[in-house]
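Let's take a walk through this one together, going from a single loop out to the whole assembly. Have your viewer open and follow along.

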Protein chains: 4
Amino acid sequence: MKSKFKSNLLKDKPRTACGVFGVFQHPEASVLTYYGLHSLQHRGQEAAGIVSSEFKTEKKRRHFNIMKGMGLVTDVFKDYSMLRNHLGGDAAIGHTRYSTTGSANNEKNIQPLVVNYRDGNLAVAHNGNLTNFRTIRTELQKEGTIFQTTSDTELLLHLIARSRQKKQIDQIREAVNRVDGAFSFVIMTDTMLVAARDVHGFRPMVLGKKDGAYIVASETCAFDILDAEYLRDIEPGEILVIDRKADVNEPLTSYRIDRHVPSSHHCIFEYIYFSRPDSFVFEESVDKIRRKLGKALAQEAPVVPDKDEKTIVISVPDSSNTAALGYVSESLKQGVNTKLELGLIRNHYVGRTFIQPEQGQREMKVKTKFNTVKGVLKGKKLVVVDDSIVRGTTSRQLVKLLKEAGPKEIHLRISSPPIVNSCYYGMDFPNREDLIAVRCNEDAEKIKEYLGVDSVHYLSVKKLLASVPSGNGRGYCTACFGGEYPAPIENVTDKNDLET
Amino acid sequence: MKSKFKSNLLKDKPRTACGVFGVFQHPEASVLTYYGLHSLQHRGQEAAGIVSSEFKTEKKRRHFNIMKGMGLVTDVFKDYSMLRNHLGGDAAIGHTRYSTTGSANNEKNIQPLVVNYRDGNLAVAHNGNLTNFRTIRTELQKEGTIFQTTSDTELLLHLIARSRQKKQIDQIREAVNRVDGAFSFVIMTDTMLVAARDVHGFRPMVLGKKDGAYIVASETCAFDILDAEYLRDIEPGEILVIDRKADVNEPLTSYRIDRHVPSSHHCIFEYIYFSRPDSFVFEESVDKIRRKLGKALAQEAPVVPDKDEKTIVISVPDSSNTAALGYVSESLKQGVNTKLELGLIRNHYVGRTFIQPEQGQREMKVKTKFNTVKGVLKGKKLVVVDDSIVRGTTSRQLVKLLKEAGPKEIHLRISSPPIVNSCYYGMDFPNREDLIAVRCNEDAEKIKEYLGVDSVHYLSVKKLLASVPSGNGRGYCTACFGGEYPAPIENVTDKNDLET
Amino acid sequence: MKSKFKSNLLKDKPRTACGVFGVFQHPEASVLTYYGLHSLQHRGQEAAGIVSSEFKTEKKRRHFNIMKGMGLVTDVFKDYSMLRNHLGGDAAIGHTRYSTTGSANNEKNIQPLVVNYRDGNLAVAHNGNLTNFRTIRTELQKEGTIFQTTSDTELLLHLIARSRQKKQIDQIREAVNRVDGAFSFVIMTDTMLVAARDVHGFRPMVLGKKDGAYIVASETCAFDILDAEYLRDIEPGEILVIDRKADVNEPLTSYRIDRHVPSSHHCIFEYIYFSRPDSFVFEESVDKIRRKLGKALAQEAPVVPDKDEKTIVISVPDSSNTAALGYVSESLKQGVNTKLELGLIRNHYVGRTFIQPEQGQREMKVKTKFNTVKGVLKGKKLVVVDDSIVRGTTSRQLVKLLKEAGPKEIHLRISSPPIVNSCYYGMDFPNREDLIAVRCNEDAEKIKEYLGVDSVHYLSVKKLLASVPSGNGRGYCTACFGGEYPAPIENVTDKNDLET
Amino acid sequence: MKSKFKSNLLKDKPRTACGVFGVFQHPEASVLTYYGLHSLQHRGQEAAGIVSSEFKTEKKRRHFNIMKGMGLVTDVFKDYSMLRNHLGGDAAIGHTRYSTTGSANNEKNIQPLVVNYRDGNLAVAHNGNLTNFRTIRTELQKEGTIFQTTSDTELLLHLIARSRQKKQIDQIREAVNRVDGAFSFVIMTDTMLVAARDVHGFRPMVLGKKDGAYIVASETCAFDILDAEYLRDIEPGEILVIDRKADVNEPLTSYRIDRHVPSSHHCIFEYIYFSRPDSFVFEESVDKIRRKLGKALAQEAPVVPDKDEKTIVISVPDSSNTAALGYVSESLKQGVNTKLELGLIRNHYVGRTFIQPEQGQREMKVKTKFNTVKGVLKGKKLVVVDDSIVRGTTSRQLVKLLKEAGPKEIHLRISSPPIVNSCYYGMDFPNREDLIAVRCNEDAEKIKEYLGVDSVHYLSVKKLLASVPSGNGRGYCTACFGGEYPAPIENVTDKNDLET
C-alpha cells in the first residue's frame with residue numbers, strides 16, 4: 001500500500017511533531033476527539049487517528065476501536081456514522097501527525113499506536129522525540145523484542161508490557177522514567193487515561209474539562225472548539241492519572257518523573273511559529289507573545305520611510321500576521337510613518353498533492369501559494385515580517401515574487417533569531433549544512449545578498465527571551481539558535497538505520 | 001457513481017458560477033491550464049476539468065483528451081504524469097465549477113463539455129447562466145434533440161451542431177447570438193479557440209499572452225501565476241477568435257453579438273466578494289475597490305470609541321480583510337481612534353467533507369472554521385467588517401462566538417447593500433424568502449436584533465456605485481440589491497424540472 | 001477515468017455481444033434484473049449495467065435510476081442496499097457487455113444507454129450489431145445531431161427522439177425499421193417495455209413471466225434462476241409491447257418490422273459456443289444440440305484405439321464438455337472402445353486482470369488456465385474435443401501442454417466448421433488474415449502441422465446443419481463458415497474511425 | 001479499514017487453511033511466487049501476499065518487500081510492474097489464505113508475516129493450526145511480549161526472536177520444536193529459506209527445483225505451472241534448510257523435530273476435497289485417489305436402474321467430477337447400466353461479493369451457482385456424487401433444485417464418511433452441533449429425510465483407508481470421522497478470546 005500523499009509544498013519552515021488529544025468518561029468521546037484533532041490540525045497534516053475504548057457487553061470487556069489514515073483529519077474521518085458506528089465508547093485518544101522519527105509515509109507508524117498485552121488494551125499518542133530511542137530499542141531487541149514500527153513511540157508500549165511491576169500505573173511510571181528527550185504522551189488503558197510530560201516541558205500539553213469529563217490536548221484551541229474549560233498545564237515531569245474515580249471537583253492523582261532539572265526548557269518555537277495564535281501555550285497567549293516579537297523587531301530594526309512617504313509593512317500570511325501587527329503598532333508609537341498592508345494573497349487551496357513543475361522552475365512553488373497585490377507595493381519601501389527562515393530557498397523566491405510588484409526597497413524582518421543547529425526534541429529541520437544561517441556563516445550581509453533584499457534583521461536571542469514569560473522555574477530551549485541542548489542527545493550515525 | 005463530496009460548510013455567502021481558462025498553441029497547454037485553474041479555484045470548488053487538443057499523427061487528426069472529476073483542482077489532477085501522458089497537445093481549456101444550473105453532484109455536468117459533431121471536436125467551458133435556457137431546450141427537444149446533461153452549457157453545443165452555417169465560426173456566432181443572459185464562454189474546436197462574452201458583460205473574462213501564445217481566463221490572477229501578460233478584457237458582446245494564424249503582434253479577429261445595450265452591466269458582486277483581491281476585474285484592481293468600500297463604510301457609519309479608548313476593527317478572514325483595512329485607514333483619517341486587530345483565527349483545513357454535528361448544534365459550524373483571540377477583544381468596542389450577509393444564520397453564530405470573547409459592544413459593518421432579490425446571472429442565492437434582509441423587511445433594527453449586535457450598517461447602493469469605476473459605457477447590475485434586471489428572465493416555475 | 005480491466009486472457013474464442021434483460025411491473029424489478037444478468041454473465045464480462053424506472057411521488061413523474069460499471073455483475077453491484085436504495089422502481093432493464101462496436105474500455109459506452117427526450121425517459125439495451133450504423137450516423141450528424149458514444153446503440157435513441165410520429169410506440173417502430181443488421185433490443189420508456197428483434201433473428205431473445213410480470217432475456221437460463229416461466233421466443237422481426245395494461249393472461253400487442261426475409265438466420269454459433277448449455281435457444285435445448293454435434297463428430301471422424309486399448313476422450317473444460325460426452329457416447333455405440341476422462345483441470349480463479357508474462361512466454365497463458373492430469377493421459381491415444389478454433393494460437397499452446405503429459409497421439413475434434421470469414425452480426429473475430437483456417441488455406445494438413453497434432457477434424461457444415469432444428473421458416477447464418485451474409489454489410493474502411 | 005470482501009457463498013464445504021510457496025536464489029523470485037500462488041488459489045481465497053528479499057546496494061543489506069491484500073491473487077497483484085518494481089529480489093515466499101485462527105477479515109493477519117529482529121529480517125508463511133497456541137501466547141505475554149495479530153503464526157516469530165541461541169538456524173529449530181499441532185512453515189531470513197513440517201505431516205508440502213533454484217509449495221500443481229521439477233515431499237518432522245550454499249545437485253541440510261510419532265497422520269481430506277486433482281499429494285496423484293473413492297462408492301452402494309433404463313450419474317462440479325467418473329466406470333464394470341451426464345451447470349462468475357437475497361430465500365444461494373440441464377435428468381434414476389456434506393443446508397437446496405428437473409429418484413453418494421467431529425489441525429468446520437451427521441445422530445434414514453433424497457450413502461472409513469496409499473509409516477488422521485486426535489488439543493473455552 002503506497003501512500004497517495006506527497007510531501008508538503010513549502011518545506012522552508014520548521015515543522016513540529018504532532019498534536020495529541022484525550023478524553024475520558026464522556027459519552028461522545030470520539031466526537032470530541034474529532035473536533036479536538038481538527039483544531040490541532042496545524043500541528044501535523046500527514047496522518048490522523050483516533051482510538052476509542054468501548055465496553056463490549058457481550059464480551060464483558062473493553063475493546064479498542066481504531067481508525068487511522070494518511071491525510072487531514074477530514075480526509076480520514078468522512079462522516080458522522082464512522083464516529084458513531086466504528087468509534088463508540090466513553091474514552092478516546094487521538095493524534096495528528098507530522099513524523100519526526102519513523103518514515104513519514106509508513107502507515108504502520110500512524111498514531112495512536114494500539115496493542116494488547118497481558119493486562120489488557122494499551123494505546124498511546126505522542127508528541128515529541130525520544131532521545132534515547134536507539135539505545136533502548138537495541139537493548140530490547142537483544143532480549144528478543146520484535147518492533148512493528150520505526151516510530152519511537154512503540155518503545156513506550158514495550159517498556160510498559162515488559163515492566164515487572166504488578167500495578168498498571170507502576171508499569172507506566174517505570175516506562176516513562178526510562179525514556180529521555182521531549183515527550184507529551186497521552187496513554188489510554190482499559191481503566192485510565194494517563195498524560196505524561198517530560199521534565200523539560202519541551203512540548204505543550206494542557207488539561208481541561210467539559211461536561212464533567214477531563215480532557216487533555218496539545219493546545220487550548222482544542223478546548224475552545226468544544227466549549228471546554230482550560231484548567232491548567234500538565235506540568236513538566238508530571239504523570240497525571242485520570243481514572244474512573246476521577247472527579248472534576250477533586251484533585252487528580254499525579255506522579256513525578258524521578259529526574260531533577262533546575263528549570264523547564266519549553267520550546268520557544270511554539271511561541272514563534274508552531275502554536276495557533278488563539279491558543280494559550282506555556283500558560284500565556286500566543287497572540288500576545290507574537291505581537292511582542294513584532295514590537296521587539298520594530299525596536300531593534302526600524303525602517304524609516306523617505307520623506308513624505310510611508311513604510312509599507314506586510315506579513316507572510318497567515319503565520320506572521322500577528323507579528324506584523326505588532327511591528328506596525330510599535331513603529332507608529334515610535335513616530336515612524338508606517339502602514340500595514342495586505343500585499344500578499346495566499347491561496348489556501350494548495351492542498352497536499354499539488355503538482356509541482358519539474359526542475360528549473362522552483363519559483364513556481366511560491367507562485368502557487370502566494371500572489372502579490374501589485375498596486376499596494378509599487379514604489380514603496382517595504383517591510384516584510386516573517387517568523388523564521390530555515391533553508392532560505394522559499395524566502396528567496398518570495399522576495400523575487402515581491403520584486404515583480406515593483407517596491408522601491410525590501411526589508412526583511414524575522415521574528416526569531418537565526419537557526420544554526422538541529423533540533424532533537426521534536427522539530428524537523430533540514431541537515432545543519434542546509435540552514436541558510438549556517439551556509440552564510442551567520443553573516444547578515446551574505447544572507448541579504450542571497451535573499452536579494454535591501455536589509456535583513458533577525459530578532460536577537462536576548463530580545464526574544466525578554467518577550468516571553470519568565471520566572472517560576474520557567475526556562476526555554478534555544479538550542480536551535482545556538483544555545484545549549486538541555487537533554488542528552490544520542491550518538492546517531494544513520495538517520496535511516498531502521499527497518500520497518 | 002455517487003460523489004464523495006458534500007456541500008460546502010458555510011453557505012451563508014453568495015456563490016458564483018465557475019472559473020474558465022483557455023490557451024492556444026502552447027506546447028504545455030494543459031500544464032498552463034492546470035496552474036490557471038488552480039488560481040481560479042475560489043470561483044468554484046465542486047469540480048474541475050481540463051480538455052486538451054492533441055494532433056494524433058497515426059489518425060491524422062486531432063483528438064480531445066478529457067480529465068474531469070469532483071473536488072478541487074488538486075484532487076482531480078494528482079501528478080505531473082497525468083498532465084503529460086493524458087492531456088497532451090498544444091491547446092487546452094479548463095473549468096472550475098460551482099454549479100448554478102444542473103445538479104451540483106452530477107458528474108455528467110462537470111465542464112468542459114466535449115462532443116464530436118460533423119465538423120470535428122467541440123469543447124466548451126462556461127461561466128454564467130443562460131436565461132433563455134428552458135425555452136431553447138424545449139424547442140430543440142421538440143425537434144428530437146437529446147440532452148445528456150442538465151446544464152445550460154450543453155445548449156450551446158447543440159446550437160452549434162445544428163447550425164446550417166457552413167463555416168464553423170459562423171456556426172458559433174449563430175449559436176452565441178441565440179442565447180441570452182450571462183455568459184463568458186471559452187470554446188475550443190480543432191482549429192481555433194473562441195472567447196465569447198454576453199453583451200452585458202456580467203461575468204469577467206480577460207485576454208493575456210505568454211510565450212507568444214494567447215490565453216483567456218476569468219481573472220488576471222490566472223495570468224500572474226503563469227507570468228503571463230494581461231492584454232485587455234474580452235469586451236461585452238465580443239466573440240474573439242484565436243486560430244492558428246493568430247499572431248500576438250497582430251490584432252485578433254473579433255465579431256460582435258447583434259444586440260445593443262446602452263451600457264454594460266457588470267456583476268458588482270465580483271468586486272465585493274467573488275474575485276480575488278489580487279486580480280484586475282472589469283479593468284480595475286479588486287483590492288483597490290474593496291479598500292474603497294471599506295472607506296465608504298467608515299464614512300457612512302463610523303464607530304466612535306469611548307473616551308481614552310480605541311475602537312477595535314476586525315475582518316472576517318479572509319474575504320473582508322481588505323475592506324477592514326480601508327475602514328481603519330478612513331477612520332483614522334477622520335480622527336476616530338481605531339485599531340485593526342486580528343480577532344478571528346480561521347482554520348483553513350476545514351475541507352469539503354467536514355463532519356458536522358447533528359441537529360441542535362448549529363454554532364459548531366462556525367467554531368470549526370473560526371476561533372477568537374480572546375485577549376484582543378475583551379472589553380472593547382468592536383467593529384466587525386464583513387462583505388455581505390445572505391441568510392444571516394452564519395453571521396448570527398459568528399456574533400455569538402465573538403461575544404464569548406467579551407467585547408463591550410459589537411458593530412457590524414457590511415461592505416455591500418442588503419440582498420433582497422435572487423440572481424439569474426450566475427450567482428447562487430437561497431430563495432428570496434430565506435434572505436435575512438427580506439425576512440426582516442430590510443428593517444435594520446430587526447436585523448440588528450436577529451444578529452444580536454449593537455448596530456449594523458450596510459453600505460448604501462449609492463456609495464457602492466460611487467466606489468466602482470464608471471464612464472465609457474460601464475454600468476453595473478444591482479438587481480440583487482433591488483435594482484432592475486438588465487437581461488430578460490425566463491418564467492421558471494420549477495427549479496428541479498430537468499432530468500439528467 | 002482509465003479502466004482497470006484489461007482484456008481477456010484467452011482470446012482465441014469468438015466472443016459474442018452481450019446479454020440483455022428486462023422486467024416490467026414487478027416490485028423487485030432491479031433485484032430480478034441483477035440475478036438475470038448474473039446468469040447471462042457468460043455473454044459479456046467487460047461491463048454491466050441496470051436502469052430502473054421509479055415513480056417519484058414528489059416530482060409526480062418517473063425517474064430512471066442508473067448504475068453501470070466496468071467488470072462483472074458482481075463487481076458492479078456489490079450489495080443489496082445498492083439495489084434497494086439506488087435502483088428502486090417497478091421496471092428495469094439490464095445489460096452485460098462484450099463490446100463489438102465502440103471502444104471496449106470506454107465507460108460511456110456501457111449499456112443500458114439512457115436519455116431524456118421530449119416524451120420522457122428512454123433507455124435501451126442491445127445485443128447485436130447494426131450494419132447500417134455509419135450510414136445513418138453520418139446522416140444524423142449532418143443534420144446536427146451530437147453523438148455521445150461510439151456505440152451503435154445510441155443511434156436508436158436519436159432515431160426515436162427525432163421521429164415525427166406522435167405516439168411513442170410509433171416513434172420506436174419507425175426507429176427499429178430504420179436499422180439493419182443483428183439486434184435484440186430491450187427498450188424501456190416511462191410507460192412501457194418494448195422488445196424488438198431483427199427479421200433474421202440472429203441473436204436470441206425470449207419472453208417469460210414471473211409473479212404476473214413479463215420478463216425478457218437473451219437466454220432461458222435467466223428465467224431458471226428466477227423460477228420464472230419460459231413462454232416463447234420473441235419472433236424474428238417482432239416488436240413486442242409490454243405496457244401497464246399488459247396482462248399475463250392476454251396476448252400482448254406486437255408489431256412486425258416491414259421487411260420480408262424468406263427464413264430466419266439464427267447465429268449457429270449460439271448453439272456451438274455462446275449460449276449456456278442449460279438454456280433453450282431458438283426453441284431448442286443447447287445441451288441437446290451440443291451433444292448431437294459431438295455425436296456427429298464421432299460419426300465423421302472416429303478415432304479407433306490400438307488393440308486392447310481404449311481411446312481417451314477429453315474436453316477443454318467447460319465449453320466443450322457436452323460435445324465430448326456426445327462424442328464418447330456415439331463412439332461406444334459404434335463399438336469404438338472409448339473412455340471419457342478428465343484430463344484438463346481448469347483454474348477458474350484466473351480473473352480479468354491476470355498478470356501475463358512478458359514476451360517470449362506465450363505458453364504461460366495456457367498454463368495459468370489449464371493443467372493436465374498426467375497419469376490419465378500418459379501413453380494414450382487421445383481425442384481432444386473443442387468447440388472452435390479461431391486464431392489457433394491457444395490451441396497450439398494447449399496441445400503443447402497436453403504433450404508434456406505423454407499421450408501416444410493427439411487427435412483434435414472441433415465441433416464446428418473452419419471459420420473463414422468475419423462476422424458483422426455481433427460476434428467478435430480477429431481480422432480475416434489472422435484466422436488459422438485462412439492462414440492455412442483451409443488445408444487440414446497444414447493446420448495439423450501448425451497445431452502439432454496427429455489429426456484434426458472440423459465438423460462439416462452439412463453435418464452441423466443436420467444437427468440443429470429446421471423447418472418452419474428456420475434458417476441459420478453460416479457466413480463465418482463461408483456461407484452467404486444474409487443482411488447487407490456497410491462498406492467499412494476504418495474500424496477506428498469514430499471519436500468518442 | 002473495513003474489508004470489502006464478504007464471506008464465501010456456499011459454506012457447506014470444509015475449508016482448509018492456506019497455500020504456501022517459497023523460492024530461493026532465483027532472479028525472478030516474486031514472479032514465480034505469483035504464479036505458484038495462483039495455482040494454490042483453491043487453498044484460500046480470502047487474502048494473498050508475497051514477501052521478497054532484495055539486496056539493497058545503497059544500504060548494504062537486504063530489505064524485505066511486502067505486498068499483501070484481501071481477495072484473490074489476481075485482485076492483490078494487478079500488473080507486472082507491481083512485481084518488478086515493488087517485489088524485486090532473488091528470494092520470495094507467498095501465501096494464499098483462508099483463515100482458521102485470527103479473524104478472517106483482519107488485514108493485519110494476512111500472511112506472510114514479516115518482522116525485523118536483532119538478527120535481521122524474518123518472514124513466515126504458514127499452513128496449519130498450532131494446538132498449543134494459547135498456552136505459549138499467554139506465557140509470552142506474561143513476559144511482556146506484545147502481539148500484533150491474533151494469528152497463531154506470529155507465535156513462531158516471537159519464539160525465534162526470543163531464543164537465546166546464537167545461530168539463526170538454531171533459533172528457528174528451537175522455535176519449531178516448541179509448537180504443536182499441524183504446520184507447514186516456509187520461513188525466510190536474510191540468508192536462508194527454511195521449510196518445516198510437523199511430525200504428523202498433517203498438511204502437504206513439497207520440494208521442487210527450477211533453473212537451479214529450490215522451490216517449496218503446498219502442492220505439486222504449483223510446480224507444473226512453472227515447469228519446475230517435483231523432487232520429493234518435505235518429510236513429516238523435517239526442518240529443511242535452503243541457504244546460499246545450497247546446490248541442486250547436492251543433498252540439502254535438514255534437521256528433525258525432537259518428537260517421535262509411530263506414523264504420520266496425513267489429513268485424508270486433502271485427498272477427498274482440498275487438493276487439486278492434478279496435484280501429487282502425500283506422494284500420490286490426487287486424481288487417482290478420487291477415482292478410487294468413486295469406485296469404492298459404487299462397490300458399497302450401487303444404484304441399479306429399472307429395466308431397459310440407465311442410471312444417470314452426475315457430479316457436483318467441479319469438486320466431485322473425478323469421483324463421479326470413478327463411480328461410473330466401476331458401475332459399468334459391475335454390469336450396472338450407468339451413464340455419466342452433465343446435469344448441473346456451474347456459474348463460475350459468482351465471485352466473492354455476490355449479493356445474497358435476504359432471509360427466506362436460502363435456495364437462491366444454490367441457484368446463483370448451479371442450474372440443471374433439464375432434459376438430461378427428467379424421468380431418470382439419478383445418482384449424485386458429492387465429496388462431503390458438512391451442515392447439509394446446501395446439499396438440501398441442491399436436491400430441491402435437482403427435483404425441479406423431474407428425475408424419478410435421487411440417490412446421493414458421498415465420497416467421504418460422515419463428519420462428526422471438529423478439526424483442530426487446519427480445517428474449518430462449523431460447531432459440532434451444526435454438522436448434519438451429528439444433528440441426525442449419524443442416522444442415514446434421518447439424513448435422507450432431511451435432504452429429501454431417495455437414498456444416501458457415505459463411503460465407509462474402512463473403504464476410504466483402503467483407497468489411499470499405506471505402508472512406510474504412512475498413516476492418516478480421521479479425527480473428523482470419529483477417529484482419534486493424533487496431536488494433543490488445547491483446552492479452548494472461547495473461540496473469540498483474542499483481541500487484535
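In which loop of chain D does Asp318(D) lie? Look between β17 (311-315) and α10 (321-333) of chain D: that loop is where Asp318(D) sits. Keep in mind that this is a predicted model, so every number below is computed from predicted coordinates.

That loop is worth a stop for its backbone. Most peptide bonds are trans, and most residues other than glycine have a negative phi. The bond joining Pro317(D) and Asp318(D), though, is a cis peptide bond, with omega at about -5°. Hop over to chain B and you'll find a cis peptide bond between Pro317(B) and Asp318(B), with omega again about -5°. There, Asp318(B) is in the loop between β17 (311-315) and α10 (321-333) of chain B. For a backbone oddity of the other kind, go to chain A: Asp308(A) has a phi near 65°, which is positive even though the residue isn't glycine. You'll find Asp308(A) in the loop between α9 and β17 (311-315) of chain A.

While you're in chain A, have a look at how two of its helices pack. Two packed helices are described by the angle between their axes and the distance between the axes. For α9 (residues 286-300) and α10 (residues 321-333) of chain A, the axes come within 7 Å and cross at roughly 45°. An angle over 35 degrees but under 65 falls in the oblique range, and α9(A) and α10(A) are therefore oblique to each other. The crossing of α9(A) past α10(A) is right-handed. On the α9(A) side the contact includes Arg290(A), Arg291(A), Lys295(A) and Leu297(A), while the α10(A) side includes Leu325(A), Tyr327(A) and Glu330(A). Sorted by class, this contact of α9(A) with α10(A) has five nonpolar, six polar and five charged residues.

Back to chain D for its sheet. Six strands make an open sheet in the order β5-β6-β7-β8-β12-β13 of chain D, with antiparallel pairing. The edges belong to β5 (113-117) and β13 (253-256) of chain D; each has a single partner strand, so one side of each has no neighbour in the sheet. Ignoring direction, neighbouring strands are turned by 20° against each other on average. At the β13(D) edge, β12 (residues 238-243) of chain D pairs with β13(D) in the antiparallel sense over four bridges, and Val241(D) has Thr253(D) in β13(D) as its bridge partner. Packed on this sheet is helix α6 (residues 168-178) of chain D, which touches β5, β6 (120-130), β7 (181-189), β8 (192-197), β12 and β13 of chain D. The direction of α6(D) makes about 20° with that of β8(D).

Now zoom out to the chains. Two copies of a chain are related by a rotation about an axis and a shift along it. To put chain C on chain D, rotate by 180° with 0.0 Å of shift along the axis, and the RMSD is 0.1 Å. The two copies are thus related as by a two-fold rotation axis. In chain C, the residue closest to that axis is His348(C), at 3.4 Å (C-alpha). Both copies use the same surface, with 100% of the contact residues of chain C recurring in chain D.

Chain C also goes onto chain B, this time by a rotation of 179° with 0.0 Å of shift along its axis (RMSD 0.0 Å). For this axis, Thr145(C) is the residue of chain C that comes closest, at 3.5 Å (C-alpha). These copies meet through the same surface, because 96% of the interface residues of chain C are also interface residues in chain B.

Some pairs don't meet. No contact joins chain A and chain C, whose closest C-alpha atoms are 16 Å apart. Chain B and chain D don't touch either, with their nearest C-alpha atoms 17 Å apart.

Conventions: Residues are numbered from 1 along each chain as its sequence is written. Chains are lettered from A and ligands numbered from 1 in the order in which they are written. This is a predicted model: local features need pLDDT of at least 70, side-chain atom pairs count only at pLDDT 80 or more; totals for chains, interfaces and linings use all residues. Side-chain values use heavy atoms; hydrogens and water are left out. Axes are lines fitted to C-alpha atoms, for helices over the stretch in contact, and angles run from 0 to 180 degrees between N-to-C directions. Angles under 35 degrees count as roughly parallel, over 145 as roughly antiparallel, 65 to 115 as roughly perpendicular and the rest as oblique. A crossing is left-handed if the near helix is turned anticlockwise from the far one by less than a right angle, and right-handed if clockwise. Contact means heavy atoms within 4.5 Å. Ala, Val, Leu, Ile, Met, Phe, Trp, Tyr, Cys and Pro count as nonpolar, Asp, Glu, Lys and Arg as charged, and the others, Gly among them, as polar. Copies are superposed by least squares on the C-alpha atoms of residues with pLDDT of at least 70 in both. Two strands pair if DSSP finds at least two bridges between them.
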